[in-house]
Amino acid sequence: MSGCPADVAAGAAAAGACATADAGLLYPPSERTQIRNSWNSLMRWARYFRSREESDALLVEKVVVFGGGSFGTAMGVALARQRKNIQVTLLLRDPYLCRDINELHCNTRYLKDFVLPANVNATTSAAEAIAGAQFAIHAVPVQHTRAFLQGIKDLLPPTLPIISVSKGIEVGSGQLMSEVIPSVLSKKHPTVYLSGPSFAKEVMMGRPTGIVAASKDKALARTIQRLFASPSMRVNTTTDVIGVEICGSLKNVLAIAAGIVEGLELGPNAMAALVAQGCSEIRWLATKMGAKTATISGLSGLGDIMLTCYGSLSRNRTVGVRLGQGEKLADILASSSQVAEGVPTAAVVVNLARKYRVQLPVLTAVAQVLDGHITAKQAVFEIMNLPQIEER
Ligand SMILES: NC(=O)C1=CN([C@@H]2O[C@H](COP(=O)(O)OP(=O)(O)OC[C@H]3O[C@@H](n4cnc5c(N)ncnc54)[C@H](O)[C@@H]3O)[C@@H](O)[C@H]2O)C=CC1
Ligand SMILES: O=C(CO)COP(=O)(O)O
């Protein structure tokens, strides 16, 4: 143990005091009364709110999941665990993975450490998967969504709500999922966009998670809130679809930058400065696109930025770490079996920045590095040498 004897003695005394004393006695009685009153009024409000909630149970028998990768499986499992009498059917392409899910109750490719509930099954038949479903969770990566939906659209009832969990912008069209889905199906197709800080593995572990359900249709967002809400999942609602979608897409690009800083071992000062700058860039572009500031500072904005930039489970961050350590993008992508949506999205962000006339130094630098024009080190050097500015 390091430190001078006086420090060690003081530390031991403090630890002893904490272990034995009533921590509340640290506060004067008037403050303690205030704290208790505030807490009690919060609990009263919660009880009142709960008593007014819709009492009719949400009757759901079947949910189909498009894409049985990490997150499609995790969100399907979250529902299946909460509602034992519903059937969750994953629509997959790989018959071997299907067999493992149906016979071994395990997604051996994406989440091999977890046992799936008995009410989760899989099929490669779209017709079988969709038949009788009341909700569809869409977890196919953004760049494959258009072709995927084109392939199944004739089987989709026009009233089947699509709950999209995919985060990114389509290369070529520059469209968000909230534009891609209606452009393939119909503008009237019921859609909800779920986003927020939610690593698949942590959802599988049943760890507390908070997400946002965004839809122009308030009643539908509320239904999806009730569908997913559980003791381990909180679901906020919003009508700010653009805000939720653009934040969810841009945070993936920022996470690549955060990974680069980590891979280059630039330290916590650099990381904090980078993430703060990235938050500003996301705010500049998102507000110009019509996002609400409450969304940007909420779960799908700041919440997901923090998770993905600092959480080692992030695939986007991992791409950045490996770039920072000197690996080539082609090698990184070839050795990874999972999607990193920030890679294609980075190219589109540059177009959006031009369209909305905002300068996004960090997010543009990520695109430059991914495109192989500059190295990660050069990008950091150039960013540090940009003109000193007034905070905005
Ligand atoms: N994994 C996570 O923690 C989270 C992921 N997301 C988002 O969810 C979406 C899906 O991500 P993951 O499940 O993690 O990806 P993944 O890489 O684990 O799985 C992707 C799934 O999509 C399927 N797929 C790929 N191309 C396809 C195509 N052309 N047609 C049909 N299916 C195809 C794959 O077979 C696989 O089942 C992404 O947009 C991601 O950003 C959102 C929140 C958390
Ligand atoms: O979106 C995510 C968590 O909210 C997952 O991020 P990655 O795709 O970078 O793993």
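These legends describe close-up views of a predicted model, covering its two ligands, a pocket, two cavities and an aromatic pair.

**Figure 1. The shell around ligand 1 holds 23 residues.**
Ser70, Phe71, Ala200, Arg315 and Glu341 are the closest of them. By class, the shell has 10 nonpolar, nine polar and four charged residues. Two helices, H3 (70-82) and H6 (142-152), each contribute at least two residues. H3 gives the most, with three.

**Figure 2. Polar contacts of ligand 1 involve Lys167, Arg315 and Glu341.**
Oxygen atoms of the ligand take part in each case. The side chain of glutamate 341 places an N or O atom 2.6 Å from an oxygen of ligand 1. For arginine 315, the distance from a side-chain N or O atom to a ligand 1 oxygen is 3.0 Å. Lysine 167 takes part through its backbone: a polar atom there lies 3.0 Å from an oxygen of ligand 1. On its own, ligand 1 exposes 820 Å², and the protein buries 87% of that area.

**Figure 3. Ligand 2 sits among 13 residues.**
Lys251, Asp304, Ser314, Arg315 and Asn316 come nearest. The shell divides into four nonpolar, five polar and four charged residues. Helix H13 (299-310) and helix H14 (315-324) each supply at least two residues. H13 gives the most to this shell, with three residues.

**Figure 4. Side chains of Lys251, Asp304 and Arg315 reach oxygen atoms of ligand 2.**
Arginine 315 has a side-chain N or O atom 2.6 Å from an oxygen of ligand 2. For lysine 251, a side-chain N or O atom lies 2.7 Å from a ligand 2 oxygen. The distance for the side chain of aspartate 304 is 2.7 Å, again to an oxygen of ligand 2. Alone, ligand 2 has 310 Å² of accessible area, and the protein covers 92% of it. Arg315 also appears in the view of ligand 1, where a side-chain N or O atom lies 3.0 Å from an oxygen of that ligand.

**Figure 5. The second largest pocket contains about 1,100 Å³ of space.**
Its lining comprises 36 residues, and Gln277, Pro361, Val362, Ile383 and Leu386 are the closest to the pocket centre. Nonpolar residues number 27 in this lining, alongside five polar and four charged ones. Helices H10 (241-263), H11 (268-288), H16 (342-355), H17 (361-370) and H18 (376-384) each supply at least two lining residues. H11 has the largest share, nine residues.

**Figure 6. The largest cavity encloses about 50 Å³.**
The search of the whole structure finds two cavities of 30 Å³ or more. The lining of the largest one consists of Ser164, Val165, Ser166, Lys167, Tyr193, Leu194, Ser195, Val244, Glu245, Gly248 and Ser249. Strand S6 (191-195) and helix H10 are the elements that give two or more residues to this lining. H10 gives the most, with four. The lining residues are four nonpolar, five polar and two charged. Lys167, part of this lining, also has a polar backbone atom 3.0 Å from an oxygen of ligand 1.

**Figure 7. The second largest cavity holds about 30 Å³ of space.**
Phe71, Met75, Val165, Lys167, Leu194, Ser195, Gly196, Ser198 and Ile211 line it. H3 and S6 each supply at least two of these residues. By class, the lining has five nonpolar, three polar and one charged. Phe71 belongs to this lining and is also among the residues closest to ligand 1. Val165, Lys167, Leu194 and Ser195 line this cavity, and they line the largest cavity as well.

**Figure 8. Trp45 and Phe49 form a tilted aromatic pair.**
The structure has two aromatic pairs by the rule used. In this one, the ring centres of tryptophan 45 and phenylalanine 49 are 5.4 Å apart. Their planes meet at 40°, so the pair counts as tilted; stacked pairs would need an angle under 30 degrees and edge-to-face pairs one over 60. Both residues belong to helix H2 (residues 29-52). Tryptophan 45 and phenylalanine 49 are four residues apart there, so about one helical turn separates them.

Terms used: Residues are numbered from 1 along each chain as its sequence is written. Chains are lettered from A and ligands numbered from 1 in the order in which they are written. This is a predicted model: local features need pLDDT of at least 70, side-chain atom pairs count only at pLDDT 80 or more; totals for chains, interfaces and linings use all residues. Side-chain values use heavy atoms; hydrogens and water are left out. A residue is near a molecule or strand if one of its heavy atoms lies within 4 Å of it. A polar contact is a pair of N or O atoms within 3.5 Å; within protein, one must be able to donate a hydrogen and the other to accept it, and residues adjacent in sequence count only if both atoms are side-chain atoms. Accessible areas come from the Shrake-Rupley method with a 1.4 Å probe; for residues, only the protein chains shown count as cover. Ala, Val, Leu, Ile, Met, Phe, Trp, Tyr, Cys and Pro count as nonpolar, Asp, Glu, Lys and Arg as charged, and the others, Gly among them, as polar. On a 1 Å grid over the protein atoms alone, a cavity is a set of points where a 1.4 Å probe fits but cannot get out, and a pocket is an open set with protein on both sides within 12 Å along at least five of seven lines; lining residues have an atom within 4 Å of a point. Grid points are joined across faces, edges and corners, and a volume is the space filled by probe spheres set on the points. Rings of Phe, Tyr and Trp (its six-membered ring) pair if their centres lie within 6.5 Å; planes under 30 degrees apart count as stacked, over 60 as edge-to-face and the rest as tilted.
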